[in-house]
Amino acid sequence: MWKWQAEGTAKAVIVLVHSAYEQHMRYAWQIEKWRSAGFHVYMGDLPGHGKNAEADHVHRESFDDYEQSINEMLKLASENDLPVFVIAHGLGATISMNVLGNRKFNVAGAIFTSPWLQLKKLPPKAPNAFPVVAQMTGRRKLDHGIELRHLTRDQFSFEQETENKLYHSVITAGWYKELQSYMKETAASIELYPLIPTYLHTAERDLITEIEASRQWLMKQQLNEFSYKEWKYCYHDIFQEPEKEEVFLATQAFIHTVLRSVGYLIEE
């Protein structure tokens with residue numbers, strides 16, 4: 001886990017949570033943008049990802065371990081005596097929804113991009129298609145088949161990630177089965193998520209998830225303060241897209257609005 005100090009006096013703290021199969025270095029641009037804008041940033045590789053990956057790069061981690069990792073980041077972020085915002089992507093967004101539902105931390109707001117609540121992109125021969133076999137072969141390996149070209153139209157980002165070769169989408173059948181249950185339970189939850197300001201970004205051309213499931217989740221929460229944006233033309237990794245500067249500015253404006261509502265003076 002790492003902390004990046006804000007330039008000048010910090011106005012708040014950002015906890016960044018990455019999605020499945022990736023790692024924190026894909027967020028270098030976003031980390032620098034938040035730090036330059038006056039925010040401390042906390043981020044780490046989730047269990048089994050990046051520098052925490054197993055030698056065979058197969059994802060078999062417990063979802064409880066994922067939640068514990070985010071809990072630890074929130075605990076450290078809360079020690080700054082500043083408002084804390086969670087910005088979480090993909091599967092990281094789904095896990096963060098559940099962590100925030102535990103209400104262990106006083107979070108000022110949350111921003112979710114392309115949460116995994118219902119997948120459009122399924123692994124070949126997904127184990128749910130063969131439930132009896134899946135129960136007997138939980139350790140069987142399969143490739144989810146998600147490639148960087150499915151995530152972003154930005155060729156520069158694609159070439160960068162190809163060089164460091166830290167994106168791995170091989171999983172076990174048991175992990176995938178747990179993922180399906182986790183997404184289903186999260187999508188169906190109504191009273192778990194706290195009443196905090198929430199901004200949900202989805203991508204019009206998301207090849208990985210069904211964006212309607214994300215919109216329906218947001219509508220069911222009956223929040224007092226929320227925003228929803230479907231980014232035209234964008235693929236799944238919204239903060240990696242050519243429109244990422246616009247996405248950042250929209251997210252920053254949302255955070256500034258929340259900070260003003262709790263009495264902070266914000267200089268644009």
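The following legends describe five close-up views of a predicted model.

**Figure 1. The open sheet and its edge strands.** Seven strands make up an open sheet with mixed pairing, and their order is β1-β3-β2-β4-β5-β8-β9. At the edges stand β1 (2-4) and β9 (226-231). Each of these two has a single partner strand, so one side of each is left without a neighbour in the sheet. From one strand to the next, the twist averages 15°.

**Figure 2. Strand β2 and its two partners in the sheet.** Strand β2 (12-17) lies between β3 and β4 in the order of the sheet. With β3, strand β2 pairs in the parallel sense over four bridges; here Val15 of β2 has Tyr42 of β3 as its bridge partner. With β4 (residues 84-89), strand β2 also runs parallel, and five bridges join the two. On this side, Leu16 has Ile87 of β4 as its bridge partner. Strand β2 is mostly covered, since six of its six residues are buried. The side chains of the strand can be followed in two sets: Ala12, Ile14 and Leu16 point one way, whereas Val13, Val15 and Val17 point the other way, and all are buried.

**Figure 3. Helices α1 and α3 against the strands.** Helix α1 (28-36) packs on the sheet and touches β1, β2, β3 (39-43) and β4. The direction of α1 makes about 150° with that of β3. Helix α3 (residues 91-101) lies across β2, β4 and β5 (109-113). Relative to β4, helix α3 runs at about 140°. Both views therefore involve β2 and β4, which α1 touches and across which α3 lies. Within α1 is Lys33, a residue that counts as partly exposed because its relative accessibility is 23%. Apart from its neighbours within four places in sequence, Lys33 is in contact with Glu245 and Phe248. Lys33 and Tyr66 are separated by 33 residues in sequence, and their C-alpha atoms are 26 Å apart in space.

**Figure 4. The surroundings of His18.** His18 is found in the loop between β2 and α1. Is this residue buried or exposed? With a relative accessible area of 0%, His18 is buried, because a residue counts as buried when that value is under 20%. A polar atom of the His18 side chain lies 2.9 Å from the backbone nitrogen of Leu46. Leu46 is also among the residues in contact with His18 when neighbours within four places in sequence are left aside. The others in contact with His18 are Gln23, His24, Tyr27, Met43, Gly44, Asp45, His49, His89 and Gly92.

**Figure 5. The largest cavity and its lining.** The structure holds three cavities of 30 Å³ or more. The largest cavity has a volume of about 80 Å³. Its lining consists of 14 residues. Nearest the centre of this cavity lie Tyr27, Gln30, His89, Thr113 and Phe239. Two of these names, Tyr27 and His89, also appear among the contacts of His18. The elements that give two or more residues to the lining of the largest cavity are β2 and β4. Which strand gives the most to this lining? It is β4, with three residues.

Technical notes. Residues numbered from 1 in each chain as written. Predicted model: local features only at pLDDT ≥ 70, side-chain atom pairs only at ≥ 80, totals over all residues. Heavy atoms only, no water. Buried < 20%, exposed > 50% of the residue type's maximum accessible area, 1.4 Å probe, protein only. Polar contact = N/O pair within 3.5 Å; in protein donor to acceptor, adjacent residues only side chain to side chain. Contact = heavy atoms within 4.5 Å. Pairing = 2+ DSSP bridges. Axes fitted to C-alpha atoms, helices over the stretch in contact; angles between N-to-C directions. 1 Å grid on protein atoms, 1.4 Å probe; cavity = no way out; pocket = protein on both sides within 12 Å on 5 of 7 lines; lining within 4 Å. Points joined across faces, edges and corners; volume = space filled by probe spheres on them.
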